[in-house]
Amino acid sequence: MGPPRSKKRKPTFRRLLKTSDLKLENKMKNRQMKQQNADKKHRKEQKKLRQAVKDTVLSKPRPLETYRKTPEEEAEEEEFLESLPTDMMEEEDLQQMSHMAGKASFITRDLSACGPVHGAKKRRSEVVRSYEKVPRKMAKTEEKEVIHLLPIKDKTGIIPQRLERVITKPDEEEEEEEDATEQEQLYIEAELESSAPLSAEEMEELRVQKLSEAKLRIAGLSSAVISAPVTSIRRVKELRAMLMESDPCVAVTIRKLVMVSLMEIFKDIAPTYRIRPLTSEEKATKVKKETQQLREFEEGLLSQYKFYLEDLEQIIKDWKQQKKKRSQAVGLQSYSGLAEVAVRCLCELLLALPHFNFHNNIIVTLVPLMNDRAKKVSSMCCEAFRKLFQQDRVGGAALAAVRVISGLVKSLNYNVQPEVLRTLLSLRIKEVEMKKDIEDTAPKKKFMNNKERRKNLSRMQRKWKKAEEKLEKELLEADASENKEQKIKLHTDTLNIVFLIYFRILKKAQKSVLLPAVLEGLANFAHLINLEFFDDLLAVLQSLIQSGDLTNRESLHCIQTVFTILSGQGDVLTVDPLNFYSELYKMLPRLHAGAPNDDIMIVLRCVDAMLTRRRKQVTIQRAMAFIKRLSTLSVHTLPNASVGALAATRAAMHAFPKSDLLLDNEVQGSGFYLPEVDEPEHCNAQNTALWELHTLQRHYHPVVRRFAVHLCHGAQSEGSTALSVQLSRRSPLQLFNDYCVKDMTFNPPVSAPSTKKKDRFVAGATLLDAELQSRAHAILTASEEEAELDFSTAHSHTHCKDAVTHVDQHTH
């Protein structure tokens, strides 16, 4: 019988179509694994072969014993060899002799071994012999790709067709050799360049050439990232690598350009939301290709942004610690310029990306630099945080910044620059949660629960109620406005930290340079202080004013704080601020054109809070005393301050109509005006008049003249002396700012004084007596030695008498 017939059938075309993709994938993976194993084995064998060749080259074989023959012996040996009949030897003998000659022990020792012939083990010879067995070049298995073709059908059935194609790959050794040759070529070129000395002009040309090449590369990478950020995020890594530029002649410039370029790139490609890291479950789930691409872009962007911020922070740390890095490519003097650019980049990112990741890290890095000794760096950081506070509408970024500032002030034991605290004045806080509010103390309304609702409401009413609640939720979701409750909560937390800073300084560091900034901040946010702090704060402020250690501006800030509190929530307090009225009244004469003009702004705010808003708590004697002092103040201040003081006087005269007594020159009551008395109640201001207004009517500024004329006629709202709408509807502060003279220009421009020619005496028109005229002319033209005019003599007296009688006759 023949061999058994195989029961295995050939695969049909239909079965081939039903072959699963998973099976084909597994076959392809197995084939790839086998190919990888074969390549790995081939590389190992090639490595061993190269090592063996290297060892044999290093170890030079030499014979252990050498025999020196004399010239006579060599001649005899040559004669003997020539006399041998080689043509009579058989081929077998020649083969045997050659075989024996191949052995090392046939004539002498083994030339390729270091040990004796009779040694038990010849290690070196064995090692060489084992590697000699290895072929010089292994047969490399070729990687093939299988291509399935359409099957062929004949009488026997369907025959599947396929084609194998060899995948050509560059040889690894050839690539290594090419890389080595390229490196050697570059090294040779570098040595040639370093060996040849260059002149100053050549070095400058070389530097300009390198800078232009670097700029082109930076521009190309930046444009590629901005044009297609999702697919070109890897180019950011290439840009970051240029921050490690080691060429000393262009390192500083290139690093600055790269830092600014990366900052602009991140500002452009950063999304408008915060990137959240994916969980393990989200990473395991399958998503669309576009979603996966977006995830990879976000992950790459976040990592590169993090590394970029770390690089900027490291540059600043190196500058602060005065360290040399990057193989001394950048000197110590150049670190300050690099640090300034790094700080500027961080400030720009702080303002441009407050919603993005690592914003709090930027705040932590920049807040200590606000107190830096370098004026440029500290002013740059303070200005950045001012802008951040002004543009932050929700309050999250402002709260984070204020917390870090509070920690900095406390850690440095209040030894910080005043500008650090003045940045807090830019906070946009207008509404906070007040304790003991009327709504909180009021009885809360009881809402119906589910049972009561079912009892009191019908089925249709419950249905309508449910629909209304759903509609309200949808409207709130559709509304893009900020959550007001969340905003108020953030503002409340921020203000609590600010007041904590201020109260700590008032308690522990009253003689610190931070006191003016603290008083200014309290005056700015005094209307938001809770009632429970009012009594202690008023006592502290009063003690500060009475101590006499404060300047005019600090005292004015204390007074402003007190009256801001009393004009807001503090109106329910029964406090008589008479001492603060006296302090402001005493301080007004100290202000003049030589003092800082900005103090007048605080005075105008205080007068508005003390007189206009508290008109019911102020007596007429106190009001007239302040009106008199304000008119006196307007005489010796700058034009804009005079306009503001006259506008405040006008507002006080409207608030107190009985003060028109100051426009009359009649005395009212007993006593007389005492301008040197510092108590407004006892200076008898009703017995004086506003004579300063008549002087101000001849002022060089037209607006001051207009206000003076208007006040002299009783500050009427109608008539020829009434003010225009533009002047009457503006507050004193607005007028003060509108007519400011900081730029040394007047608004409106002041006209030049008119040049009038003086009247000159015409001959014959001065005296009617011809004799007297001739005598006066003779005396005036004569020299001092010849004649002197003496009116004591009788002769001159008679002439004068004749002249008088002559004039009388002429008149009659």
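The legends below describe close-up views of a predicted model.

Residues are numbered from 1 along each chain as its sequence is written. Because the model is predicted, local features need pLDDT of at least 70 and side-chain atom pairs count only at pLDDT 80 or more, while totals for chains, interfaces and linings use all residues, and side-chain values use heavy atoms, with hydrogens and water left out.

**View 1. The whole protein, with 33 helices and two strands.** Helices (H or I, at least four residues) and strands (E, at least two) are DSSP runs, numbered from the N terminus. Of the 812 residues, 31% count as buried; buried means under 20% relative accessible area, exposed over 50%, and partly exposed in between (1.4 Å probe, protein chains only). Contact means heavy atoms within 4.5 Å. Among contacts between residues at least 6 apart in sequence, 70% join residues at least 24 apart.

**View 2. The packing of helix α13 on helix α15.** Residues 359–366 form α13 and residues 396–411 form α15; the two pack at an angle of about 35°, with their axes 10 Å apart. Axes are lines fitted to C-alpha atoms, for helices over the stretch in contact, and angles run from 0 to 180 degrees between N-to-C directions. The crossing is right-handed: a crossing is left-handed if the near helix is turned anticlockwise from the far one by less than a right angle, and right-handed if clockwise. From α13, H359, N360, I363 and V364 meet A397, A400, A401 and V404 of α15. This contact is made up of six nonpolar, two polar and no charged residues. Here Ala, Val, Leu, Ile, Met, Phe, Trp, Tyr, Cys and Pro count as nonpolar, Asp, Glu, Lys and Arg as charged, and the others, Gly among them, as polar.

**View 3. F358 in the loop between α12 (332–352) and α13.** F358 has a positive phi of about 60°, although it is not a glycine. Its relative accessibility is 21%, so F358 counts as partly exposed.

**View 4. N684 in the loop between α27 (639–655) and α28 (692–696).** N684 is likewise not a glycine, and has a positive phi of about 55°. With a relative accessible area of 22%, N684 is partly exposed.

**View 5. The crossing of α23 and α24.** The axes come within 10 Å and cross at roughly 145°, and the crossing is left-handed. In α23, the residues N552, S555, L556, I559, V562 and F563 meet F580, Y581, E583, L584 and M587 in α24. The contact divides into eight nonpolar residues, two polar and one charged.

**View 6. The surroundings of helix α24 (residues 578–587).** Seven of the ten residues of α24 are buried, so the helix is largely enclosed by the rest of the structure. The buried residues are F580, Y581, S582, E583, L584, Y585 and M587. They are covered by elements including α22, α23, α25 (599–612) and α26 (620–633).

**View 7. Helix α21 (residues 515–525), mostly covered.** Nine of the eleven residues of α21 are buried: L515, P516, A517, V518, L519, G521, L522, A523 and F525. These pack against α16 (418–422), α20 (484–508), α22 (534–547) and α23 (552–567).

**View 8. L262 in helix α9.** The relative accessibility of L262 is 0%, so this residue counts as buried. Leaving aside neighbours within four places in sequence, L262 is in contact with V236, L239, R240, L243 and Y308. L262 and Y305 are 43 residues apart in sequence, and their C-alpha atoms are 9.1 Å apart in space.

**View 9. M244 in the loop between α8 (235–241) and α9 (251–269).** M244 has a relative accessible area of 39% and is partly exposed. R255 is eleven residues away along the chain, and 7.6 Å separates the C-alpha atoms of M244 and R255.

**View 10. The second largest cavity and its lining.** On a 1 Å grid over the protein atoms alone, a cavity is a set of points where a 1.4 Å probe fits but cannot get out, and lining residues have an atom within 4 Å of a point. Grid points are joined across faces, edges and corners, and a volume is the space filled by probe spheres set on the points. By this rule there are two cavities of 30 Å³ or more, and the second largest holds about 60 Å³ of space. Its lining consists of F389, D392, G395, A398, L427, R428, I429, H491 and T494, of which four are nonpolar, three polar and two charged.

Conventions:
1 Å grid on protein atoms, 1.4 Å probe; cavity = no way out; pocket = protein on both sides within 12 Å on 5 of 7 lines; lining within 4 Å.
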